[in-house]
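Reader: I've got a model open and I'd like to zoom in on one part of it rather than tour the whole thing. Could you take a close look with me and then work outwards from there?

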Amino acid sequence: MAWGLKLLGGFYLLWLAWQSARQAAWAADAAKAGQGWAGLSHKQALLRGLLMHLGNPKAILVWLSLLSLAAPAAGGGGHGARVAAGCTLIAVCVFSAYALLFSAEAARRAYLRSRRWLHGALALAFAWAGVRMLRGGV
């Protein structure tokens with residue numbers, strides 16, 4: 001079972017590396033990035049961002065791993081609820097800060113200028129982790 005999870009995880013990381021590399025190397029013009037959000041109301045943009053994050057398997061796995069690390073074996077339901085509430089509060093604060101930051105035109109321009117390098121670096125990191133996982137590390 002463990003080897004199957006390592007294989008699945010390793011290939012998933014390599015797939016993420018491929019996706020990031022495609023966005024870095026073959027992405028359309030930076031001016032076109034984010035045009036799918038143009039013309040949306042604030043409510044529509046919030047709903048789209050929320051659904052995108054809640055449907056992101058990486059985010060789900062990260063939060064579940066945090067919950068499992070923070071919950072002791074004998075913690076009980078009350079402790080688990082407090083940990084889940086704390087994780088929720090952290091997520092709301094972090095993503096609200098992202099929203100405020102990227103609502104500034106200067107931050108959006110800076111991201112668009114550096115996004116190819118960011119995606120390239122992510123591709124390398126994902127590929128390294130995927131190969132390491134497939135070789136038996138991690």
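Which residues does Phe-126 touch, not counting residues up to four places away in sequence?

Author: Happy to, and keep in mind throughout that this is a predicted model. Leaving out residues up to four places away in sequence, Phe-126 touches Leu-13, Leu-16, Ala-17 and Ser-20.

Three of those names come up again straight away. The largest nonpolar core has 5 residues, and Phe-126 sits in it together with Leu-13, Leu-16, Ala-17 and Met-133. Two helices, H1 (2-25) and H5 (105-134), each put at least two residues into this core. H1 gives the most, with 3 residues.

The remaining partner, Ser-20, is worth a stop. Ser-20 lies in helix H1, and it counts as buried because its relative accessibility is 8%, where buried means under 20%. Setting aside neighbours within four places in sequence, Ser-20 is in contact with His-119, Leu-122, Ala-123 and Phe-126. So if you centre your view on Phe-126 and step to Ser-20, the next hop can be to His-119.

His-119 is found in helix H5. With 13% relative accessibility, His-119 counts as buried too, since the cut-off is 20%. Its contacts, again leaving aside neighbours within four places in sequence, are Ser-20, Ala-21, Gln-23, Ala-24 and Tyr-111. With Tyr-111 there is also something more specific: the two side chains are joined by a polar contact of 3.4 Å.

Tyr-111 then takes you out to the surface. It belongs to a nonpolar patch there, along with Ile-90, Val-94, Phe-95, Tyr-98, Leu-101, Phe-102 and Leu-118. Together these residues have about 700 Å² of accessible area. Helix H4 (76-102) and H5 each supply at least two residues of the patch, and H4 has the largest share, with 6 residues. Leu-101 is one of the patch members, and its place is in helix H4. At 46% relative accessibility, Leu-101 counts as partly exposed, because that value falls between the 20% and 50% cut-offs.

While you're on H5, have a look at its charged residues around Glu-105. The structure holds 2 salt bridges, and Glu-105 takes part in one with Arg-108 and in another with Arg-109. For Arg-108, the closest N and O atoms are 2.5 Å apart; for Arg-109, the corresponding separation is 4.0 Å. Arg-108 and Glu-105 both lie in H5, 3 residues apart, which is about one turn of the helix. Glu-105 and Arg-109 are both in H5 as well, 4 residues apart, and that is also about one turn. These salt bridges share partners and join Glu-105, Arg-108 and Arg-109 into one network.

How covered up is that network? Glu-105 is partly exposed, with a relative accessible area of 41%. Arg-108 is partly exposed as well, at 34% relative accessibility, and Arg-109 is partly exposed with a relative accessible area of 44%.

One more stop, away from H1 and H5: Leu-67, whose place is in helix H3 (residues 57-70). Leu-67 is partly exposed, with a relative accessible area of 26%. Not counting residues up to four places away in sequence, it touches Val-83, Ala-84 and Cys-87. Take Val-83 as an example: it is 16 residues from Leu-67 in sequence, yet the two are 6.6 Å apart in space, C-alpha to C-alpha.

Now pull the camera back. The protein chain has 5 helices and 0 strands, so to speak a plain α-α-α-α-α pattern when you read along the sequence. Of its 138 residues, 12% count as buried, and Ser-20 and His-119 are both in the buried class. The chain exposes about 10,200 Å², with carbon and sulfur atoms supplying 73% of that area. As for contacts with a separation of 6 or more, 68% are between residues 24 or more positions apart. The contact of Phe-126 with Leu-13 that answers your question is a nice one to keep on screen.

Methods
Residues are numbered from 1 along each chain as its sequence is written. This is a predicted model: local features need pLDDT of at least 70, side-chain atom pairs count only at pLDDT 80 or more; totals for chains, interfaces and linings use all residues. Side-chain values use heavy atoms; hydrogens and water are left out. A nonpolar core is a set of buried Ala, Val, Leu, Ile, Met, Phe, Trp, Tyr and Cys residues joined through side-chain atoms within 4.5 Å. Buried means under 20% relative accessible area, exposed over 50%, partly exposed in between (1.4 Å probe, protein chains only). Contact means heavy atoms within 4.5 Å. Patches are made of residues with over 30% relative accessible area and no salt bridge: like charges are joined within 9 Å, nonpolar side chains (Val, Leu, Ile, Met, Phe, Trp, Tyr) within 5 Å. Accessible areas come from the Shrake-Rupley method with a 1.4 Å probe; for residues, only the protein chains shown count as cover. A salt bridge is a side-chain nitrogen of Lys or Arg within 4 Å of a carboxyl oxygen of Asp or Glu. A polar contact is a pair of N or O atoms within 3.5 Å; within protein, one must be able to donate a hydrogen and the other to accept it, and residues adjacent in sequence count only if both atoms are side-chain atoms.
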